[in-house]
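Below are some notes for a colleague who is starting out with protein structures. Please keep the model open while reading, and find each residue as it comes up.

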Amino acid sequence: MYAQLVETGVKSVRSTDQLTGDEQAFQQRIDEGIRIEPKDWMPEPYRKTLIRQISQHAHSEIVGMLPEGNWITRAPTLKRKAILLAKVQDEAGHGLYLYSAAETLGVSRDELVGDLHSGKAKYSSIFNYPTLTWADIGMIGWLVDGSAIINQIPLCRCSYGPYARAMVRVCKEESFHQRQGYDLLIQMCLHGTQAQKDMCQEALNRWWWPALMMFGPSDADSPNSAQSMQWRIKLFSNDELRQKMVDQTVPQAEYLGLKVPDPDLKWNKDQGHYDFGEIDWDEFYAVIKGNGPCNRERLAARVNAHKEGQWVREAFSAYANKHESEQAVA
Ligand code: FAQ
């Protein structure tokens, strides 16, 4: 796929003979599957690309707590409430591992969080959609965590050690998240009332297309893919992963008795995958530019949480300073 991307010439990467000696040695290590660790030499654009992707990923986990957090107080049973609480807390943990992985590249957590709050750094488009009904909680687990796993399993084998290692635990937890979402939908669709099933169908109609957008622009319009694939930060292209998600998810929708809201969806027996309709890229770009249904609300919630947490950060640094000066005296 990488070769194909380069061949199209859409997003050029430099050929081996255009690289400096250090860059050639670096690329050779990557091609041999040797992990890059924080103290190893790396080209500046590799470091910057990783900071961009890992921090965007961390921000997504943290902002991603908001749509589901909205339903913790309204979960229908004690069991569902306990599951949802655990899941939302897991997402906070993912954000923290990822910020730590980004910090190994020489950037501070304050800088990263500052970039999120100023609107400079992106986070996943999917978290700019509202959670209107309880069925949305099932959809997030099934479709959003399901897509996140498809995108993140390959990242466990990416070239940068701290990112790859963080992804191993993240993927195990995402797998529980996907299962709990699908389990919730099985209960509502196969054992619930007609009204509950209708609620799930209505939620699928709203979440299907934004879930497909999570994988990013189509390969021809993805400015970063070719270089990121050469560096093995990405192992598969956006379109390849999106196709995998569709092929895996359509039979699951059929099992639930739900209809995927795409009139062009059909099984392509020659190619052994589902063909699907055109994504509304205008909507995608509007959302990532800050004009989705909930962008302002999400960012305001994060900025406010940071402000309200100021006293906690101050208390921690006061304690750390006191502890340090006591140790210096002793
Ligand atoms: N949303 O050239 P590409 C989760 C931007 S975690 C917003 O293809 P790249 C868990 C992209 O940054 C979900 N922006 O870029 C959970 C770039 O802009 P820039 C997050 C997007 O990086 C579940 C521009 O478009 N997962 O769900 C999006 O090579 C439930 C051009 O795009 C990750 O972050 C988008 N969807 O590929 C949590 C996984 N797509 O920065 C809570 C790691 C693209 O140049 C509850 N990340 N853009 O200004 C990746 O795999 C990659 O970064 C991609 C994008 C595939 C997302």
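1. A good place to begin is Thr249, which is found in helix H11. The model is a predicted one, and in it Thr249 has a relative accessible area of 5%, so this residue counts as buried, the limit for that word being under 20%. A polar atom of the Thr249 side chain lies 2.6 Å from the backbone oxygen of Met245. Apart from residues up to four places away in sequence, Thr249 touches Trp142, Leu143 and Trp208.

2. Those three residues lead on to the largest nonpolar core, which has 48 residues, and among them Met139, Trp142, Leu143, Trp207 and Trp208 touch the most other members. Two or more residues of this core come from each of helix H5 (78-103), helix H7 (135-152), helix H8 (161-191), helix H9 (194-213), helix H11 (238-256) and helix H12 (281-291). Of these, H9 gives the most, with nine residues. As general background, nonpolar side chains in soluble globular proteins tend to be buried together.

3. Which residues does Trp207 contact, once its neighbours within four places in sequence are left aside? They are Ile126, Tyr129, Pro130, Thr131, Asp136, Met139, Ile140, Leu143 and Val144. There is also a second, separate core, made of 30 residues that include Ile62, Leu112, Val113 and Cys156.

4. Turning to charged residues, the structure holds 16 salt bridges. In one of them Lys87 pairs with Glu68, and the closest N and O atoms are 2.9 Å apart. Because Lys87 lies in helix H5 while Glu68 lies in helix H4 (residues 65-69), this pair ties together parts that are 19 residues apart in sequence. Both Lys87 and Glu68 are buried. In general, side chains of opposite charge can pair when their charged atoms come close.

5. Are the partners in the other salt bridges buried or exposed? For the salt bridge between Glu103 and Arg109, whose closest N and O atoms are 3.4 Å apart, Glu103 is partly exposed with a relative accessible area of 30%, and Arg109 also counts as partly exposed, at 29% relative accessibility. Asp115 and Lys120 form another salt bridge, with 3.9 Å between the closest N and O atoms; here Asp115 is partly exposed at 27%, whereas Lys120, at 65% relative accessibility, counts as exposed. Salt bridges that share partners also join Glu68, Lys87, Glu91 and Asp145 into one network.

6. A point of backbone geometry deserves a careful look at Arg232, where phi is near 55 degrees, a positive value in a residue other than glycine. Arg232 sits in the loop between helix H10 (225-230) and H11, and its relative accessible area of 31% makes it partly exposed.

7. Finally, the surface has a nonpolar patch formed by Trp311, Val312 and Phe316, which together have about 370 Å² of accessible area. Trp311 belongs to helix H14 (residues 310-329). With a relative accessible area of 61%, Trp311 is exposed, whereas Thr249, the residue with which these notes began, is buried.

Conventions: Residues are numbered from 1 along each chain as its sequence is written. This is a predicted model: local features need pLDDT of at least 70, side-chain atom pairs count only at pLDDT 80 or more; totals for chains, interfaces and linings use all residues. Side-chain values use heavy atoms; hydrogens and water are left out. Patches are made of residues with over 30% relative accessible area and no salt bridge: like charges are joined within 9 Å, nonpolar side chains (Val, Leu, Ile, Met, Phe, Trp, Tyr) within 5 Å. Accessible areas come from the Shrake-Rupley method with a 1.4 Å probe; for residues, only the protein chains shown count as cover. A salt bridge is a side-chain nitrogen of Lys or Arg within 4 Å of a carboxyl oxygen of Asp or Glu. Helices (H or I, at least four residues) and strands (E, at least two) are DSSP runs, numbered from the N terminus. Buried means under 20% relative accessible area, exposed over 50%, partly exposed in between (1.4 Å probe, protein chains only). A nonpolar core is a set of buried Ala, Val, Leu, Ile, Met, Phe, Trp, Tyr and Cys residues joined through side-chain atoms within 4.5 Å. Contact means heavy atoms within 4.5 Å. A polar contact is a pair of N or O atoms within 3.5 Å; within protein, one must be able to donate a hydrogen and the other to accept it, and residues adjacent in sequence count only if both atoms are side-chain atoms.
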